[in-house]
Amino acid sequence: MSFSRPLRPCTLGVGIGCMQQVLGWRCARKAAANLSRPAFGATRQAASVSLPIIDIAAYMDPLGRINRADRRRSAQDLDEACQATGFFYLVGHGVPEAEVRALHSAAQSFFTLPRGMKDAVAISEAPEGGRGYQRLGENVTQGKRDWHEALDFYAEPAEGSVDLSLLTRSPGQCQTDAIERMRPFVYGQNQWPSEPAGFREIAESHFARMATIGSALMEAMTDALQLPTGSLQPLTARSFWNARIIGYPPLPDPHLVAEIELGLSCGEHTDYGCWTILSQDETPGALEAQRADGSWAKVEPMPGAFVVNLGDMLSVWTGGRYAATPHQVRQTVQGRFRTSVAYFHEPNFDATISCLPVAAPPQQGYAHARQLRLQRLREAGTITPALRRALGSCESDNGALIYGEHLFEKVDSNFAFVAKSEA
Ligand SMILES: O=C(O)CCC(=O)C(=O)O
Ligand SMILES: [Fe+2]
């Protein structure tokens with residue numbers, strides 16, 4: 001059975017799928033990477049990789065003290081990492097390890113609940129809101145079912161605070177009926193499981209911390225690109241963030257699930273927005289990021305650090321100076337149920353994103369590297385019409401899309417509900 005569907009601009013599919021990156025690496029510490037015996041799905045060995053480590057502390061000071069030299073260093077490091085790998089470890093974020101452990105433990109407890117209890121918050125029961133629990137295999141990437149289950153959350157903007165009418169005018173010109181279908185999604189409410197106790201408090205507190213880190217990354221990027229301080233704020237201050245709490249059993253033998261078109265734990269994709277701030281549990285060897293030559297590198301968990309990767313909107317904003325790196329997940333460790341928590345720091349739903357006048361670095365080959373990054377995104381199987389349009393005109397520095405339009409096109413291709421009788 002195939003779940004692939006053509007991309008239809010500005011139509012509402014429901015449930016939200018995986019988000020989405022290229023690596024030629026600058027050296028840093030390497031996380032331990034002793035892979036357990038690979039099981040099904042481990043058809044190729046990907047080497048683990050050293051990623052840059054970015055310290056964001058200079059942008060996180062709660063007292064607002066600004067150490068300009070430290071900020072300059074962080075911003076420069078960020079700029080290099082974003083151009084070189086699009087994936088990095090983030091430290092200096094101030095999130096206590098105990099909080100992260102509590103979050104993963106709450107996630108484990110939720111996913112081990114009986115099916116009926118998890119279904120009490122199923123997205124399929126209120127699909128128009130796109131928030132809640134998605135069962136194993138309900139998420140689809142490039143037409144194949146991803147072998148994970150998840151809880152999806154979004155920002156909850158106040159009624160009327162998002163200018164949906166903007167989407168009918170420029171530049172993708174969504175139809176009014178499509179916009180009406182977006183409305184319940186944009187203004188939907190998150191569905192919180194009643195068990196385990198304290199789940200909501202733990203998750204909400206984590207998301208709030210991630211939002212602060214997302215804003216700090218935006219600020220550091222603004223400095224890195226030598227843009228006026230706060231100039232990107234109007235486009236992100238009402239971030240339509242998304243968060244996914246994800247559970248990954250090991251990939252099954254495809255023969256045991258022959259009735260479905262099985263993909264990976266999470267198929268190759270790029271993330272949609274600005275920054276993905278990912279907390280992985282200690283399961284080794286699951287997340288893989290694509291290098292510039294198309295090969296895959298393991299991004300191992302590093303205690304005390306989040307993994308950050310770039311989303312599509314940064315590719316448009318920077319005209320390919322930074323680019324979203326394709327990545328995927330292959331959880332092959334038998335006897336483990338991996339959890340990860342991905343927080344996606346996004347633009348406002350109604351933000352118009354277009355190429356910024358960003359200075360080209362002086363090094364040789366820059367224009368070529370930038371073109372390669374854009375080319376690679378254009379050829380990706382998960383590109384949306386809106387992103388293609390925006391990237392196409394990036395080269396002439398006037399690419400534009402409205403974030404919500406891109407999000408909806410992604411959502412539409414990334415999800416298929418399993419008919420209840422089938423599930
Ligand atoms: O679980 C992971 O390691 C990554 C998940 C991911 O890429 C996503 O949800 O967009
Ligand atoms: Fe992703």
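A residue is called buried when its relative accessible area is under 20%, and the exercises below apply this cut-off to a predicted model.

**Exercise 1.** Determine how many residues of strand β7 are buried, and which of them point each way from the strand.

*Solution.* Begin with the extent of the strand: β7 covers residues 149-154, and six of its six residues fall under the cut-off, so that the strand counts as mostly covered. Next, separate the side chains by direction, which places Glu 149, Leu 151 and Phe 153 on one side of β7, and Ala 150, Asp 152 and Tyr 154 on the other, with all of them buried.

**Exercise 2.** Identify the strands that pair with β7, and give the sense of each pairing.

*Solution.* Take strand β4, residues 132-134, which pairs with β7 in the antiparallel sense over three bridges; within this pairing, Gln 134 has Ala 150 of β7 as its bridge partner. Then turn to strand β8, residues 242-248, which also runs antiparallel to β7 and is joined to it by six bridges, with Leu 151 standing opposite Ile 245 of β8.

**Exercise 3.** Describe how strand β3 is covered on its two faces, and in which sense β2 and β13 pair with it.

*Solution.* First consider burial: in β3, residues 87-91, five of five residues are buried, with Phe 87, Tyr 89 and Val 91 on one face and Phe 88 and Leu 90 on the other. Then examine strand β2, residues 53-55, which runs parallel to β3 and is joined to it by three bridges, Ile 54 having Leu 90 as its bridge partner. Finally, strand β13, residues 306-310, pairs with β3 in the antiparallel sense over four bridges, and here Phe 88 stands opposite Val 308.

Notes:
Residues are numbered from 1 along each chain as its sequence is written. Chains are lettered from A and ligands numbered from 1 in the order in which they are written. This is a predicted model: local features need pLDDT of at least 70, side-chain atom pairs count only at pLDDT 80 or more; totals for chains, interfaces and linings use all residues. Side-chain values use heavy atoms; hydrogens and water are left out. Buried means under 20% relative accessible area, exposed over 50%, partly exposed in between (1.4 Å probe, protein chains only). Two strands pair if DSSP finds at least two bridges between them.
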